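Subject: Handover of the structure

Dear colleague,

Here is the structure I promised to pass on to you, with my notes underneath. Please look through the sequence and the coordinates before you read on.

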Amino acid sequence: MPSVKEITILMKVPTEEDTAIITKAYYFAEQAHEGQKRLTGEPFFYHLFETGKNLAVFGVDARTIVAGLIHDTLEDGKASAEEIEKQFGAEVLFLVEGVTKLGKLKYHGIERHVESLRKLFIATAHDVRVIIIKLADRLHNIQTLSGHTNHEKQKRIALETLEIYAPIAHRLGMGKLRGELEDGAFPFVYPKEYEEVKTLLKQRSKVDEKYLNKVHRSIQKEISKQNIRDKVIRTDRRIKRIYSLYKKLLRYDMDIEKIHDIVALRVIVATIEDCYRILGVIHGMWRPLPGKIKDYIAVPKQNGYQSLHTTVFTGDGGMVEIQIRTEEMHNDAEYGVAAHVLYKDGLFTRIKGGNRNVFKKKPRWVTQLLEWQSKTSRPDEFIETLRVDFFQDRVFVFTPKGDVVDLPDGSGVIDFAYAIHSDIGNHISGVKVNDKFVSLDTKLRTDDIIEIETKKTSRPTAKWLEYAKTTLAKRHIRSLLSETDAQQEKKLFSRRFKRKNS
Ligand code: MN
């Protein structure tokens, strides 16, 4: 039987209060899922326990861990919303309900709408903590995916993980999680390619191992010699994750000899100045490969990643990538946003100090997500803010098959039809929204399901131009209207002409 301690030990500084509420959630979940088993045969409660552990590793606050522990009690367990609110408060209930709602989104692999679905996922979550819980939940599911007996479902979960969850983890700067999700899903989505890359990697890592040890020793010797031991916190190595390697191989004709960062050395130092200092030391030892010196400290990657990268020729024909960063940059690279959102005094805010500028370099929507959560001052105001749709300027609607279409706010059914296909737009004969027939001037709202009926003889009228919002729809309507005008003129003309001549 797992124990609460296994969770709290992973937390940075759990207070007594934290431990108490986590213990309560632990037993609550155990009871709510009593007697339930997973497909693997183990108690369902293990899934909740592991989700809680994942969250503790991410570095989130106790309340988010609590919500993680009980995230399935509404959907699959025996708990009610009232009970959760009574035991854990409105906020935990809000998180659990958010996770439950997210669980209902399904991805069927329609390329065109992947980006929309990612956005929808974020918009539906309403709170970055909900996303983080869902990611922790998915991590455990993907790690136990081989226990699934339904192969179609297995593949869908894996594909969804690769296309939706991993990119979101990436955008939230959660690099470690992203890698774990991708590597977990890879063998189920591309089994053949997975085996191929695994074999390649095995052959290479034997050679790399010895070489890397040698380089590692040289660096340590030089650091001692230059008397900067105290600047270096530790050195370690990172092996490229298998899915990440696969993606890179695709760009290099599957030629593994062309890839120089399968193994990299990492130097973790105390300050930013030390980063540049160590870079200088390394370039003093070995010649850097031109164009391979990357200063992600001065110019962080889009998701906030910071580090110095350089690739050097080590003399013996070898070449290695070296990454230099501070402990804080390292932590951010592994856990991203999760390490920055902590609950404090009824306020959800990023309170961890450090380089705030990092957030300025994050994608706009991530920055907004974080800011929007830190701006509120009262708990009720906080909840109110969470209700405001994050993507205010977009509506997310569905085809009857469940594909997501992402349109600007104020769009109507005609815009939807043209977004699907111009042929459908040009021949609308009737529209159903949520199973009810509606008029053509009907505006769309997020979550609407829209069904368009078409007839060959149906044609746009001038009125449609007033109903449509998107330029795409308007363009098609205009071009068809002018076409029709021209045809009619022609017809009229030829009739008159015939009359005259008869
Ligand atoms: Mn779950």
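Where is the place of Ser458? Ser458 sits in the loop between β13 (450-454) and α20 (464-467), and I should say at once that the model you have is a predicted one. Ser458 has a relative accessibility of 14%, and because the limit for buried is under 20%, Ser458 counts as buried. Its side chain reaches the backbone oxygen of Ile428 at 3.5 Å, and, if neighbours within four places in sequence are left aside, Ser458 is in contact with Asn426, His427, Ile428 and Ser429.

Helix α20, at the end of that loop, holds Leu465, which at 23% relative accessibility counts as partly exposed. Once residues up to four places away in sequence are not counted, Leu465 touches Lys474, Ile477, Arg478 and Leu481. For Ile477, which is 12 residues from Leu465 along the chain, the separation between the two C-alpha atoms is 6.9 Å.

As for the chain as a whole, its secondary structure comes to 21 helices and 13 strands, and of its 502 residues 50% count as buried. Among the contacts with a separation of 6 or more, 66% are accounted for by residues 24 or more positions apart.

One helix that I went through in detail is α6, which covers residues 90-102 and has 13 residues; from its first C-alpha to its last it reaches 18 Å, close to the 18 Å expected at 1.5 Å a residue. Of those 13 residues, 10 are buried, so α6 is largely enclosed by the rest of the structure; the buried residues include Glu91, Phe94, Gly98 and Thr100.

Helix α6 also takes part in the second largest pocket, since α6, α8 (128-143) and α9 (151-171) each supply at least two residues of its lining. About 720 Å³ of space lies in this second largest pocket, and of the 30 residues that line it, the closest to its centre are Asp76, Asp137, Asn141, Lys153 and Ile157. The largest share of the lining comes from α9, with five residues. By residue class, the lining of the second largest pocket divides into eight nonpolar, nine polar and 13 charged residues.

With best regards

Conventions. Residues numbered from 1 in each chain as written. Predicted model: local features only at pLDDT ≥ 70, side-chain atom pairs only at ≥ 80, totals over all residues. Heavy atoms only, no water. Helix = DSSP H or I, 4+ residues; strand = E, 2+ residues; numbered from the N terminus. Expected span 1.5 Å × (residues − 1). Buried < 20%, exposed > 50% of the residue type's maximum accessible area, 1.4 Å probe, protein only. 1 Å grid on protein atoms, 1.4 Å probe; cavity = no way out; pocket = protein on both sides within 12 Å on 5 of 7 lines; lining within 4 Å. Points joined across faces, edges and corners; volume = space filled by probe spheres on them. Nonpolar A, V, L, I, M, F, W, Y, C, P; charged D, E, K, R; others polar. Polar contact = N/O pair within 3.5 Å; in protein donor to acceptor, adjacent residues only side chain to side chain. Contact = heavy atoms within 4.5 Å.
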